[in-house]
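Notebook open, model loaded. I wanted to poke at the salt bridges, the cores and one helix, and jot down what turned up.

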Amino acid sequence: MNYKQIIKVLNEINLPIYITGHKNPDFDSISSCLALATYLNSLNKSVNVLLKKEDENIVFNKDDLKFIKNEVNAKNYCLIILDLNEISRLGQFDKEFNNASLTINIDHHMGNATKANYVFSKPKISSTCEIIYNIIYISNKKLLEDKNLCQNIYLGIMTDTNCFTRRLTNKTLFIAQKLINKGVNYFYLNQQTLWKRSKSELQAVGELCSKIQENRFFKYVIVDKSIPPFKDLDLNSLTKKVAEDLRRLEYLDIFVFIVLKEKNFITGKIMTNNCEIADKLASLLGGGGHKKEAGFTCNFTVSQILEKLSTYFTNLNH
């Protein structure tokens with residue numbers, strides 16, 4: 001699909017619309033949902049954003065809570081899923097996908113397998129928020145006079161590119177310039193999101209620096225979520241902040257960040273600096289993402305995770 005085609009699909013929806021992103025939402029996920037909701041609302045569509053009650057704290061501008069619902073209350077509806085390439089990443093809203101009369105997926109990850117009725121996937125674009133910006137710019141650029149809309153789009157782009165250090169194109173930087181020119185306070189947003197650290201987060205970084213382990217092919221660290229200072233941190237803090245801070249260590253090239261959770265589930269993040277295989281490694285564990293950073297959630301043991309990853313490299317070298 002091209003942009004004109006997805007815009008036509010969106011404009012012709014005549015059902016109540018629900019929008020949702022992936023579980024453990026980051027700013028690209030929630031901000032793209034809210035930006036798209038703003039656009040569809042301008043078309044007089046009935047639109048809401050699905051979000052778990054406990055995740056509502058990630059909504060940066062509390063005025064946007066007007067779009068938030070915790071459940072679907074329509075029998076026939078359209079579900080638009082953003083910023084994910086696998087239905088398993090929907091979490092508690094996977095049933096809503098299966099029960100929807102119409103499904104649309106807009107995403108920027110590799111290897112899309114959602115099988116939505118309409119899939120608009122652009123893996124070479126920095127973030128889902130950049131895709132939503134393009135949709136709005138093509139169809140109704142006057143809407144970009146809305147400062148809150150611009151703020152949401154900037155938040156998604158800035159955080160998903162790690163403050164413009166990865167997956168960049170000239171177009172990404174051009175869009176960021178346009179958003180700043182619309183009055184987005186980039187310093188404040190950076191300071192309140194990507195750069196902000198709690199005492200527990202800084203303690204976690206210090207604690208884990210001495211616990212990084214090594215095998216033949218990669219470095220890894222195991223985070224036990226049941227003990228301090230890790231038990232006070234949510235997954236976003238661990239994977240988006242603590243893991244990213246550890247990634248800056250000069251001797252890390254392939255780094256596996258493993259979080260032990262309750263109910264025998266393990267969540268992890270794979271990060272690479274030079275080689276572009278993070279998505280392939282994460283796929284071995286039921287996850288996926290980008291070439292230099294990808295996540296997974298599985299019920300394998302730590303030993304099984306390390307064995308699967310090591311086997312990949314062993315086979316690669318033969």
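**Salt bridges**

I started at E12, which is exposed, with a relative accessible area of 51%. This is a predicted model, so I kept to side-chain atom pairs at pLDDT 80 or more. The side chain of E12 meets that of K8 in a salt bridge, 2.8 Å from N to O. K8 comes out as partly exposed, at 49% relative accessible area. With over 50% needed for exposed, the two partners get separate labels: exposed for E12, partly exposed for K8.

Next I looked up K240 and D26, whose side chains form a salt bridge at 3.0 Å, N to O. Which parts does this pair tie together? K240 sits in helix α9 (residues 235-247) and D26 in the loop between β1 (17-20) and α2, so the bridge joins parts 214 residues apart in sequence. I checked burial too: K240 is partly exposed at 32% relative accessibility, while D26 is buried at 9%.

Then K269 and E293: another salt bridge, with the closest N and O atoms 3.8 Å apart. K269 belongs to strand β10 (residues 266-272) and E293 to strand β12 (residues 293-298), so this pair links parts 24 residues apart in sequence. Are the two partners buried or exposed? K269 is buried at 7% relative accessibility, and E293 is buried as well, at 9%.

I followed that pair outward and found a network of salt bridges linking K269 and E293 with D160, R166, R167, E244 and R247. For the whole model I get 17 salt bridges.

**Cores**

Switched to nonpolar packing. The largest nonpolar core has 54 residues, and I19 and I80 have the most contacts inside it. Helix α2 (residues 27-42) gives this core its largest share, 9 residues. I listed the neighbours of I19, leaving out residues up to four places away in sequence: among them are C33, L36, A37 and L40, then V47, V49 and L50, plus I80 and L82. N48 is on the list of residues I19 touches too. There is also a second, separate core of 22 residues, which includes F218, A282, I305 and L306.

**Helix α8**

I wanted to know which residues of helix α8 (residues 199-209) are buried. They are S200, E201, A204, V205 and L208. These cover an arc of only 145 degrees around the axis, which puts them on the same side of α8. The spacing rings a bell: an α-helix has 3.6 residues a turn, so residues three or four places apart point the same way. On the other side of α8 I find K199 and L202 exposed. I also asked what covers the buried residues of α8, and the cover includes β8 (219-224), α9 and β9 (254-260).

**N73**

Last stop, a loop residue. N73 lies between β3 (68-69) and β4 (78-82), and it counts as exposed at 61% relative accessibility. What does the side chain of N73 make a polar contact with? The partner is the side chain of Y18, at 2.5 Å. For a long-range distance I took N73 and R197, which are 124 residues apart along the chain; their C-alpha atoms are separated by 38 Å.

Definitions and conventions
Residues numbered from 1 in each chain as written. Predicted model: local features only at pLDDT ≥ 70, side-chain atom pairs only at ≥ 80, totals over all residues. Heavy atoms only, no water. Helix = DSSP H or I, 4+ residues; strand = E, 2+ residues; numbered from the N terminus. Buried < 20%, exposed > 50% of the residue type's maximum accessible area, 1.4 Å probe, protein only. Polar contact = N/O pair within 3.5 Å; in protein donor to acceptor, adjacent residues only side chain to side chain. Core = buried A, V, L, I, M, F, W, Y, C linked by side-chain atoms within 4.5 Å. Contact = heavy atoms within 4.5 Å. Salt bridge = Lys/Arg side-chain N within 4 Å of Asp/Glu carboxyl O. Arc of directions from axis to C-beta.
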